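Please look over the structure below. A short report on its strands, backbone, side chains and surface follows.

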Amino acid sequence: WTYNEKEQSQSCGSVVFHSFDPVTVQLSLDRSNVQHEKLVLRLVRPVIEGFSVSSAGEQGEKEGEEKMEKGEKEESKGSEEPETKKRKKK
């Protein structure tokens, strides 16, 4: 990261940020220390390799696809067992 004082810009590789440039960020709450919770900002767009993260929507789509693939594999095994067991009433 390089700061240019004359232009008041920040650059990383070929990406240059100026004041008020639109960006997409991922905002989350770090609750690892309850007494010192922190807001965490991660850059989504523009994409900077090794720094940016994928958007939550993209992550959700990937997780959904993975779950679907796992579900299809489990069905193909021929397992007849129900996923949850019902409780017997006393």
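Helices (H or I, at least four residues) and strands (E, at least two) are DSSP runs, numbered from the N terminus. The model is predicted: local features need pLDDT of at least 70, side-chain atom pairs count only at pLDDT 80 or more, and totals for chains, interfaces and linings use all residues. Residues are numbered from 1 along each chain as its sequence is written, and side-chain values use heavy atoms, with hydrogens and water left out.

**Surface patch**

Strand β4 gives three residues to a nonpolar patch, the largest share. The patch covers about 590 Å² and is made by Val 23, Val 25, Leu 27, Leu 29, Leu 39 and Leu 41. Two elements give two or more residues to it: β4 (24–30) and β5 (38–45). Patch residues have over 30% relative accessible area and no salt bridge; like charges are joined within 9 Å, nonpolar side chains (Val, Leu, Ile, Met, Phe, Trp, Tyr) within 5 Å. Accessible areas come from the Shrake-Rupley method with a 1.4 Å probe, and for residues only the protein chains shown count as cover.

Leu 39 lies in strand β5. Is Leu 39 buried or exposed? Buried means under 20% relative accessible area, exposed over 50%, and partly exposed in between (1.4 Å probe, protein chains only). Leu 39 has 66% relative accessibility, so it counts as exposed.

**Strand pairing**

Two strands pair if DSSP finds at least two bridges between them. β1 and β2 are antiparallel, with three bridges. Thr 2 has Ser 11 in β2 as its bridge partner. Four residues separate the strands of this hairpin. β2 and β3 are also antiparallel, with four bridges. Here Gln 10 stands opposite Phe 17 in β3. Two residues separate the strands of the β2 and β3 hairpin, where Gly 13 has a positive phi near 65°.

**Backbone exceptions**

Most residues other than glycine have a negative phi, and most peptide bonds are trans. The table lists two non-glycine residues with a positive phi.

| Residue | Phi | Place |
|---|---|---|
| Gln 8 | about 50° | loop between β1 (2–4) and β2 (9–12) |
| Phe 20 | about 70° | loop between β3 (15–18) and β4 |

Phe 20 is exposed, at 86% relative accessible area. Which peptide bond is cis? The bond from Arg 45 to Pro 46 is cis, with omega near 0°. Pro 46 sits in the loop between β5 and α1 (56–76).

**Aromatic pair**

Rings of Phe, Tyr and Trp (its six-membered ring) pair if their centres lie within 6.5 Å; planes under 30 degrees apart count as stacked, over 60 as edge-to-face and the rest as tilted. By this rule there is one aromatic pair. It joins Trp 1 and Phe 17, with ring centres 5.9 Å apart and planes at 25°, so the pair is stacked. The two residues are 16 residues apart in the chain: Trp 1 is in the segment before β1, and Phe 17 is in strand β3. Trp 1 is partly exposed, at 48% relative accessibility. Phe 17 is buried, with a relative accessible area of 14%.

**Salt bridge**

A salt bridge is a side-chain nitrogen of Lys or Arg within 4 Å of a carboxyl oxygen of Asp or Glu. How many salt bridges does a search of the whole structure find? The search finds one. Arg 31 and Glu 37 form it, and their closest N and O atoms are 3.9 Å apart. Glu 37 is partly exposed, at 42% relative accessibility. Arg 31 is exposed, at 58% relative accessible area.
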